[in-house]
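Trainee: I am new to this structure and would like a close look at one part of it. Could you take me through the place where a helix of one chain meets a helix of the other, and then show me what lies around it?

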Amino acid sequence: MKTLSVWAIPLFIMAVLAYGEYKGVKVYETFIKGASTGLKTGFQLLPYFLAIFGALAVFKTSGALTLFCRLTTPLARLLRIPEEILPLGLVKPLSGSGTIGFMADLTQKYGPDSPLGLMASIIAGGSETTFYVLTVYLGAIGISRPKHLVSMGLLGDLAAFFAAIFIARWFQIG
Amino acid sequence: MFTINKIWFALFFLGFLVAGATGRVEETTLALIAAMEESVSFTLGLIGFLAFWSGLLKIAEAAGITQGLARALHPFLRRLFPRLPHDSPAIGAITLSLAANLLGLSHAATPLGIKAMHELEKVNPSPGEVSDEMAVYLALILGGISFVPSTIIAVRSRAGSTRPSVVILPILIVSFIGTTVALCTHFIIKKTRKESKK
């Protein structure tokens, strides 16, 4: 598994280049053409990153995120979710690095193979970071109105979150 | 419901209100300024990657790899994207991007995804707005279905797990459920919108 993931990118590059050569593509010139398009797209993303990183920095540093998580503790009890797990579910759609940070913290505190550690791992891996994906993918083509996609992504996250809790519990019994 | 405008507004507004209440106004302002710089360095870091993969993909496209892959996934994609011709560049780009996600090549997945969005925008009936195809495609991406959740496995083994990859199957099931719910949400919203227009 480890060798496979180490080799994934080199193999992909080699395969594309080899097949391109075989098909008579001018690989270098074609690469330059494609790369300059990628460059333009990259710069176009900056305003979107500014918007989302700025807002998250304010929300996190001010303590609003911690407060928000604390306010949800009664909700966690009501839903019979471990209190430690709910903040992870709340951070999940907002921040990829935040999610990994939370998960690393929980796996270190309780052990990666403990019930909580497994649950945290499954939640962290169970969906993409909704706000990041929407920002980047829509931003790249200059669409600033996501229409119903935010609701769509968040409902998917919600479903994944509860599914993860359910499956993690079932997984430990079985 | 959750519009990006309202959420963005709330993050700033509530953030600064709490900062006032907890006496962390100065730190919060500094964090905001740091985030501005971070956005620039993050974009710069991403640009190298993005440009490299865009270049490589151009080769893949010129060699006909994308079209070949798209043909293989055709039965599955035809149902999800009925309006796109099976040999269109959009279907090819979507296929490549989904393949990268499934294989857990998260670094490669972003440039591939952006490429797919560009292709979808080219065939968008109302440019500048989210099309149905984009919504379906993004539902698949947001679901995050992957056979190799590499980051999670890495974090688990760093934390000393004896079975770091034991979560692969549960994660697969969970992301499948999330993706299905996102897709259903899109189709339901689309249907109710059409009916209200009638």
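Mentor: Happy to. Let us begin with what an axis is here: it is a line fitted to C-alpha atoms, for helices over the stretch in contact, and the angle between two axes runs from 0 to 180 degrees between N-to-C directions. Please keep in mind that this is a predicted model.

With that in hand, look at H9(A) and helix H7 of chain B, residues 132-143: their axes come within 10 Å and cross at roughly 140 degrees. Angles over 145 degrees would count as roughly antiparallel, and H9(A) and H7(B) are therefore oblique to each other. The crossing of these two helices, H9(A) and H7(B), is right-handed. Now zoom in on the residues. From H9(A) come A:Thr130, A:Val133 and A:Tyr137, and they meet B:Leu138, B:Ile141 and B:Leu142 of H7(B). Sorted by class, this contact of H9(A) with H7(B) has 5 nonpolar residues, 1 polar residue and no charged ones.

While you are on the chain B side, find B:Asp132, which also sits in helix H7 of chain B. B:Asp132 has 16 C-beta neighbours inside 10 Å, so it counts as partly exposed. From B:Asp132 to B:Leu96 the C-alpha to C-alpha distance is 19 Å, and 36 residues separate them in sequence.

Next, step back to see the whole meeting of the two chains. Here 84 residues of chain A are in contact with 91 residues of chain B. On the chain A side, the elements that give two or more residues include H9 (130-139), our starting helix, together with H1 (2-22), H2 (27-44), H3 (46-61) and H10 (149-173). The largest share, 16 residues, comes from H10(A). By class, the side of chain A that touches chain B has 54 nonpolar, 23 polar and 7 charged residues.

It helps to compare our pair with a pair inside one chain. What angle do the axes of H7(A) and H8(A) make where they cross? They cross at roughly 165 degrees, and the axes come within 8 Å. H7(A) and H8(A) are therefore roughly antiparallel to each other. Their crossing is left-handed, while that of H9(A) and H7(B) is right-handed. Along H7(A), the residues to pick out are A:Thr99, A:Ile100, A:Met103, A:Leu106, A:Thr107 and A:Tyr110, and they meet A:Leu116, A:Gly117, A:Ala120, A:Ser121 and A:Ala124 in H8(A). The contact of H7(A) with H8(A) has 7 nonpolar, 4 polar and no charged residues.

Now place these helices in chain A as a whole. Chain A has 10 helices and 0 strands, and its elements, read from the N terminus, run α-α-α-α-α-α-α-α-α-α. The radius of gyration of chain A is 21 Å, well over the 16 Å that the globule rule gives for 174 residues, so the chain is more spread out than a compact globule. Along the principal axes, the C-alpha atoms of chain A fill a box of roughly 65 × 40 × 30 Å. Buried residues make up 47% of the 174 residues in the chain. Of the contacts in chain A with a separation of 6 or more, 59% are between residues 24 or more positions apart.

A few single residues are worth a visit too. Just after our starting helix in chain A, the loop between H9 and H10 holds A:Lys147. Its phi is near 55 degrees, a positive value in a residue other than glycine. Most residues other than glycine have a negative phi. A:Lys147 counts as partly exposed because it has 19 C-beta neighbours inside 10 Å. A:Arg80 also has a positive phi, about 60 degrees, although it is not a glycine. You will find A:Arg80 in the loop between helix H5 (73-78) and helix H6 (86-91) of chain A. With 7 C-beta neighbours inside 10 Å, A:Arg80 counts as exposed.

Last, turn to A:Glu29 in helix H2 of chain A. Is A:Glu29 buried or exposed? A:Glu29 is exposed, with 12 other C-beta atoms within 10 Å. A:Glu29 and A:Phe53 are 24 residues apart in sequence, and their C-alpha atoms are 36 Å apart in space.

Key:
Residues are numbered from 1 along each chain as its sequence is written. Chains are lettered from A and ligands numbered from 1 in the order in which they are written. This is a predicted model: local features need pLDDT of at least 70, side-chain atom pairs count only at pLDDT 80 or more; totals for chains, interfaces and linings use all residues. Two residues are in contact if their C-beta atoms, placed from the backbone, lie within 7 Å. Helices (H or I, at least four residues) and strands (E, at least two) are DSSP runs, numbered from the N terminus. Ala, Val, Leu, Ile, Met, Phe, Trp, Tyr, Cys and Pro count as nonpolar, Asp, Glu, Lys and Arg as charged, and the others, Gly among them, as polar. Angles under 35 degrees count as roughly parallel, over 145 as roughly antiparallel, 65 to 115 as roughly perpendicular and the rest as oblique. A crossing is left-handed if the near helix is turned anticlockwise from the far one by less than a right angle, and right-handed if clockwise. The radius of gyration is taken over C-alpha atoms; the globule rule is 2.2 Å times the number of residues to the power 0.38. A residue is buried if 20 or more other C-beta atoms lie within 10 Å of its own, exposed if 12 or fewer, and partly exposed in between; C-beta atoms are placed from the backbone.
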